[in-house]
Amino acid sequence: QLQLQESGGGLVQPGGSLRLACTASRFTLRANGIGWFRQAPGKEREGVSCISRLVDRSVYGEPVKGRFTITIDYAKSSVFLLMDNLKPEDTGVYYCAAGTINVAEPCPLASGNYDIWGQGTQVTVSS
């Protein structure tokens, strides 16, 4: 069964950068959508970005547009989230998730579309 593992979280000052990695135990044709989500204390889980495998079409949530970039490295079975110009409001636990999506449409940022989840990695943006 496909398993996901996040890494790359940490403490960074406002304006700094982090690159998160989501490594899959194996890619399957079934899991053709990969998403990044985050959850801050006391808040609901929020869709950050997603990408459709093989067509490499990506979507970003409004709060991160222009600052975050999602990419796939097929050789490494990994999806990366490069986060630039980080803000304190970006603080939270970041999760990657995989699911079966319709690649003819933009990948969805709603968490209900993804059924395989990693354990999460903490990102803290603070001076």
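**Strands, a hairpin and two disulfides**

Start with strand E7, which has two unlike faces: Phe-68, Ile-70 and Ile-72 lie on a covered face, while Thr-69, Thr-71 and Asp-73 lie on an uncovered one. Keep in mind that this is a predicted model. Why do the residues of a strand split between two faces? In a regular strand, side chains alternate between the two faces of the sheet. Look along E7 and you can follow this: Phe-68 belongs to the covered face, Thr-69 to the uncovered face, and Ile-70 to the covered face again.

Next, find the partner of E7. Strand E8 covers residues 78–83, and E7 pairs with E8 in the antiparallel sense. Six bridges join E7 and E8. Two of these pairings are easy to trace. Phe-68 has Met-83 in E8 as its bridge partner. Thr-69 is matched with Leu-82 in E8. Recall that Phe-68 sits on the covered face of E7 and Thr-69 on the uncovered one.

Now follow the chain from E7 to E8. The two strands form a hairpin, with four residues between them. In this hairpin, Ser-77 takes a positive phi near 50°.

Step back to the whole sheet. It is open and has four strands, in the order E1-E3-E8-E7. Their pairing is antiparallel. Which strands form the edges? They are E1, residues 4–7, and E7, residues 68–73. Each of these edge strands pairs on one side only. Neighbouring strands in the sheet are turned against each other by 15° on average, with direction ignored.

Move on to the disulfides. How many does the structure hold? It holds two. One of them joins Cys-22 and Cys-96, with the sulfur atoms 2.1 Å apart. This pair links distant parts of the chain: Cys-22 is in strand E3 (residues 18–24), Cys-96 is in strand E9 (residues 92–99), and 74 residues separate them. The torsion about their S-S bond is about 65°, so this disulfide is right-handed. Are its cysteines buried or exposed? Buried means under 20% relative accessible area. Cys-22 has a relative accessibility of 2%, so Cys-22 is buried. Cys-96 is buried too, because its relative accessible area is 0%.

Another disulfide joins Cys-50 to Cys-107, and here the S to S distance is 2.1 Å. This pair also links distant parts of the chain, 57 residues apart. Cys-50 lies in strand E5 (residues 46–52), and Cys-107 lies in the loop between E9 and strand E10 (116–117). The link is right-handed, with 90° about the S-S bond. Both Cys-50 and Cys-107 are buried. Count the bonded cysteines along the chain, and the disulfides follow the pattern 1-3, 2-4.

Finish with Leu-11. This residue lies in strand E2, residues 10–12. Is Leu-11 buried or exposed? The cut-off for exposed is over 50%. Leu-11 has 65% relative accessibility, so Leu-11 counts as exposed. Leu-11 still has partners from far along the sequence. Leu-11 and Val-123 are 112 residues apart in sequence, but their C-alpha atoms are 6.2 Å apart in space. Leaving out residues up to four places away in sequence, Leu-11 touches Thr-124 and Ser-126.

Terms used. Residues numbered from 1 in each chain as written. Predicted model: local features only at pLDDT ≥ 70, side-chain atom pairs only at ≥ 80, totals over all residues. Heavy atoms only, no water. Pairing = 2+ DSSP bridges. Axes fitted to C-alpha atoms, helices over the stretch in contact; angles between N-to-C directions. Disulfide = S-S within 2.5 Å. Buried < 20%, exposed > 50% of the residue type's maximum accessible area, 1.4 Å probe, protein only. Contact = heavy atoms within 4.5 Å.
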